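The following explanation is intended to be read alongside the sequence and the three-dimensional structure. Please keep both in view while proceeding.

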Amino acid sequence: MGDSPGAVVGVNAAIYRDATVEDAPAIARVNIDTWRTTYRGIMPDAALDALSYAHSQANWCRVLQNPQGRSFVKVAVDEQNGVVGFAAAGPERTGKLDFEGEIYALYVRQSAQRAGLGRGLVMAAATKLLSRGYESMVIWVLRDNQSGRAFYEHVGGLQVAEREIAIAEVMLPEIGYGWRDLASALRQQVAHHD
Ligand SMILES: CC(C)(COP(=O)(O)OP(=O)(O)OC[C@H]1O[C@@H](n2cnc3c(N)ncnc32)[C@H](O)[C@@H]1OP(=O)(O)O)[C@@H](O)C(=O)NCCC(=O)NCCS
């Protein structure tokens, strides 16, 4: 997989590849639709209702227009539905944690969940982080997102930090999950599927 944009056929015939700027509209749709199916009852309704596809698309365009930047996005593409999930990743952002890489966002459309794509995206992002020299990684998840937390625990994440973030003027607690040795974590995930 490495640092090349070459597409890799993964579990359940989904393809994991580097996103391009042409993927921005599809990524924005997955991002907003999945926020709404995941965070209703966790985030304020007003914040979820106010989300805009156009605004999100513009943000993803900005990220993807800079392929030399240090962050990257992997997409999971299925033949019938196109982009059904994505992971955005890069260097750890606070500079205060003992982790080198970070997955910034991980979303799989509700209709495609529990089919192995989340694991595939974590593996694709972790492989690329490793290829860039990041040997550990962290992911932040809202404390009340029990399903997301169960997934991260299932794929080997350990609780390593806590913080609060402001979303729509509300402070929400988050848990940081860490993988200290990405190479061995990846080997375990690959073995899980052999
Ligand atoms: C969390 C998310 C990325 C997981 O992706 P997914 O494609 O649904 O999960 P996978 O099918 O790859 O699951 C991989 C493994 O984790 C397990 N798993 C997944 N979700 C789980 C859950 N809620 N509870 C327990 N185990 C879970 C699966 O059973 C599977 O285990 P197995 O291979 O041993 O059978 C996806 O469900 C999602 O986008 N959810 C909404 C948004 C979100 O919470 N994002 C993460 C926080 S930012």
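Which element supplies the largest share of the shell around the ligand? That share, 6 residues, comes from α5; helices (H or I, at least four residues) and strands (E, at least two) are DSSP runs, numbered from the N terminus. The model is predicted, so that local features need pLDDT of at least 70 and side-chain atom pairs count only at pLDDT 80 or more, while totals for chains, interfaces and linings use all residues. Residues are numbered from 1 along each chain as its sequence is written, and side-chain values use heavy atoms, with hydrogens and water left out.

Besides α5 (146–154), the elements α1 (24–39), β5 (101–108) and α4 (117–131) each supply at least two residues of the shell. A residue is near the ligand if one of its heavy atoms lies within 4 Å of it. There are 22 residues around the ligand, and V108, G116, G118, R119 and H154 come nearest. By class, the shell divides into 10 nonpolar, 10 polar and 2 charged residues. Here Ala, Val, Leu, Ile, Met, Phe, Trp, Tyr, Cys and Pro count as nonpolar, Asp, Glu, Lys and Arg as charged, and the others, Gly among them, as polar.

Individual atom pairs add detail to this picture. A backbone N or O atom of G116 lies 2.7 Å from an oxygen atom of the ligand, and a backbone N or O atom of V108 lies 2.8 Å from a ligand oxygen atom. In the side chain of Q113, an N or O atom is 3.4 Å from a nitrogen atom of the ligand. On its own the ligand has 920 Å² of accessible area, of which the protein covers 83%; such areas come from the Shrake-Rupley method with a 1.4 Å probe, and for residues only the protein chains shown count as cover.

The interior may be considered next. A nonpolar core is a set of buried Ala, Val, Leu, Ile, Met, Phe, Trp, Tyr and Cys residues joined through side-chain atoms within 4.5 Å, where buried means under 20% relative accessible area, exposed over 50%, and partly exposed in between (1.4 Å probe, protein chains only). The largest such core has 31 residues, and I103, M137 and W179 have the most contacts inside it. Two or more residues each are given to this core by β3 (72–78), β4 (82–91), β5, α4, β6 (137–142), β8 (170–179) and α6 (182–192). The greatest contribution to this core, 8 residues, is that of α4. Beyond four places in sequence, the contacts of M137 (heavy atoms within 4.5 Å) include F99, I103, V122, L129, W179 and L182. Another core, of 23 residues, lies apart from the largest one and has A24, A28, A88 and Y107 among its members.

Strand β8 also holds E174, which counts as buried because its relative accessibility is 8%. The side chains of E174 and R163 are joined by a polar contact of 2.7 Å, that is, a pair of N or O atoms within 3.5 Å; within protein, one must be able to donate a hydrogen and the other to accept it, and residues adjacent in sequence count only if both atoms are side-chain atoms.

Two loop residues deserve inspection of their backbone. Most residues other than glycine have a negative phi. R114, in the loop between β5 and α4, has a positive phi near 60°, and E169, in the loop between β7 (158–167) and β8, has a positive phi near 65°. R114 is exposed, with a relative accessible area of 86%, and E169 is exposed at 83% relative accessibility.
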